Structure formats: structure tokens, C-alpha cells
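Trainee: I'm new to this one. Can we look at it together and take it a question at a time?

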Amino acid sequence: MTFLHKLAQRLARMKTLCAVPVVALIACEKPVLLTGPGGPGAVTRLIISPKDLTLLPNQTTDLMAVGLTATSDTGSVAVMWSVTGGTMVDTSASGGKHYGRYKSGAPGQYKVVANGNPGGLSDTATVTVNPVPVAAVVVSPAAPSVTVGQTVQLVATPQDSNGTALPGRSVTWASSNGAVATVSGGGLVTALAAGSATITATSEGQSGTASVTVSNVPVASVTVAPASASVNEGNTVQLTATPKDANGNPLSGRTVTWVSSNTTVATVSSSGLVTGKVAGTATITATSEGQSGTSAITVVHVPVASVTVAPASASVQAGSAIQLTATPKDASGNPLSGRTVSWSSSNTSVAAVSASGLVTGAAVGSATITATSEGQSGTSAITVTTPGSGPRFGHVFIVTEENTNYSEVIGTTAMPYLNGLV
């Protein structure tokens, strides 16, 4: 029978062997007296089994060492165990076989050595201790809320299958929505915009998440500028509203609504443009997220200093009409809108005027048309001519003697004529 065959049979019977007390172990490991080096029964080799082991931290396993003679029989030899890492928690011997129970320590690669005496024989087993695998990752806090511009620190805890924390494991971080919140390699979340984002921590293929809610910094106050203003009737003034946080810092991108306390006096647009209507006062209010600011508006009535009537003079045939316009102006000559104008004629038998300034010729003669606003007046001199006389507006067509073609001449007659005839 070959040596390898005998060894395989011995290793197969290992599980049937029983451990012996330490006292007996000492006796068993007492070397057998040999007739001399190389004599019959001398151990020529020492074999440890298994040669390679893979364990997790704090796991135990059994190894066996056997001394063999030149004829591959079990020889008597004393065995001492040593390790480069971990511990040998128990040893025993039975029937020439030596057993060692090994307990692993921290992750790494270590040697378990069996040393035989006599003969100085030894053999070595390699033990690889792997870290406990990550079974889950817990992220805390699990659902933080943060305002725009602030940060929150997240902590990721890798755990084993029993829920025991595994320190020293590498963790990577990612955000599902970088526009709302970003996360650093250390789990520091920075809020960028209102919304929500899922922050994921991953270790050894296992992940955990935290749901981050980002809200806007609340508006604490609203400042309206200018705080008070005067505006002439018919003119405008632009107001601006600035929402602010509790520290007085301006907050951009907030919705602002505008309202006037007296729309008869002043109105305000959705952008804060105030229009003066009539003399009086009104409070303009800007509101954002329930907070408000105001501006006191005084609408001033600018008195009419003069009235200009156009045209200043005009001719109209009896039975025809001409439109006049009146422009009230302030002391600086600026037009004033929205003012009431009344019209009158100095000679209604010659020319009459309507409430809108339309003058109608009644009979040949002259009349003065007056427009009045707030006690100030302007006039237009009107001459009423006989129908068919005086300048008229239109086109004059002249037929030449050579042919009947029309030659158009731009003129100012009231009606088109053919060779002077209607």
C-alpha cells in the first residue's frame, strides 16, 4: 500500500477519533524511544491537514498533524503547535495523531505550525481570515428635513447578518437628485433647492437610504420700497418688494402678490406698478408666504395751468363739420390726462360745438370756440364759408383737348370735379 493511500485512509478516519485529557496528551506526546536516527520506526515526515483554511473572525476549526515513517506508517512523535495569528485553544492526541483547535482573530493571513520532536520535523497550514461580510447598511437620520442653503450630516453603519455594526468598512454616497441636494464622500448633505432627494450609502454591494426633504427658508418679513410715494393723477410709480428671512437676508425667487386699499385713488399691477387715479391716499400691500409689507401712496391732483386747442383756427363750410381737440397742461407745459373739458361757442348761430369738440358750420360768419378745464381755457377761431366756396379737400381731374384721358392733380377741394364740373 502506498504512502498517499495510507494517508488518505487515516485522514478519512479523523472524525472518529476522540480527544484525550491534557494529562493523557502529555503522555501520548512523549516521544517513542527509537533505536537510533533512521532506525526502524523513525518518523521521517510530519504532515498537517488541512493545509489551507478560510475563516471569518472568531471562528474555530480543527487541524491534525501526523508523523509518518519511511514506510508511511504512523510514527510516534511529540507535536508542539504554534500560530502567527489567532490562538490555539485546545490540543489533544490519540493513536499517534495530534489535534489542534484553532480560533481565528482579526482578518488577515496567518500560519499554523506543527513542530515534531524528535527529528525537528514541521509542517505548516495557511489560514486566511476574511472580514465578516456586510449584510445591511443603516443610514441615520432616516428622514431629515433641511432648508435651502443648510447642511445635514448623515451616518452610514454597515452591519452583519445579526445586525452587529461592522466598523472600518468603506462606504460610498450618492444623491438621487443633485439639483435638490448633494452629498459628500463623508455623508454631508447640502440643500440646494426645495424638493426631495434620496441619499444612498453603499458598502460591499449592500445599500441603505435616507429620504431628505428640502424646504425654502421661510419668509419672515417683506420690505416695500419706497415706503411712501407721491404720484400725480394719471402718472405711475414703480414699487419693489423684498421678502427676507428671520435674519433680514433677502430671499430670491419668492412669489409676491400686490393689492391696493383704495383702487379708486390708485391701482397696482402684479409687478408693483402703481397708477394714480384721483387725488387721495391708498395703501399698497405686498404679500409673500403670509408676510406683508406696505407703501403709503398719495395721489396728487396737478392743477391745469393752460388749455391748448388744435387747430387754433380753421374754416368750415356751412353744413360741414370739423373736429377740435383740447389739451390741458400743467405749469410746465406737460399734458395732463384724464381731465374734464367743456366746450362752448361764442356765436352758435354761426358755429355750434359738441361736448367732444366737434364744430358744425351753421351760417356764414365767424365764431370763437372755447375749451375749458378746471377754470383754464383755450380757443380756436372758426370761419364759416358759403357752400361750394373756399378750399375743398379731394382730387381735381382735368380732361385735355387732345384726348379724354384723365390727368390727376392732387388738390385741396372738398369734392372731385371733372373740368371744373361736378
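Trainee: How much area does the protein chain expose, and what share do carbon and sulfur atoms supply?
Mentor: Keep in mind that this is a predicted model, where local features need pLDDT of at least 70, side-chain atom pairs count only at pLDDT 80 or more, and totals for chains, interfaces and linings use all residues. Residues are numbered from 1 along each chain as its sequence is written, and side-chain values use heavy atoms, leaving out hydrogens and water. Accessible area here comes from the Shrake-Rupley method with a 1.4 Å probe, and for residues only the protein chains shown count as cover. The protein chain exposes about 22,100 Å², and the share from carbon and sulfur atoms is 55%.

Trainee: Is Arg 254 buried or exposed?
Mentor: Arg 254 sits in the loop between β21 (240-244) and β22 (257-260); strands are DSSP runs of E, at least two residues, numbered from the N terminus. Buried means under 20% relative accessible area and exposed over 50%, with partly exposed in between (1.4 Å probe, protein chains only). Because its relative accessibility is 14%, Arg 254 counts as buried.

Trainee: Leaving aside neighbours within four places in sequence, which residues is Gly 85 in contact with?
Mentor: Gly 85 lies in the loop between β4 (78-83) and β5 (87-94). Gly 85 also counts as buried, because its relative accessibility is 10%. Contact means heavy atoms within 4.5 Å. With those sequence neighbours set aside, the partners of Gly 85 are Tyr 102 and Tyr 110.

Technical notes. Helices (H or I, at least four residues) and strands (E, at least two) are DSSP runs, numbered from the N terminus.
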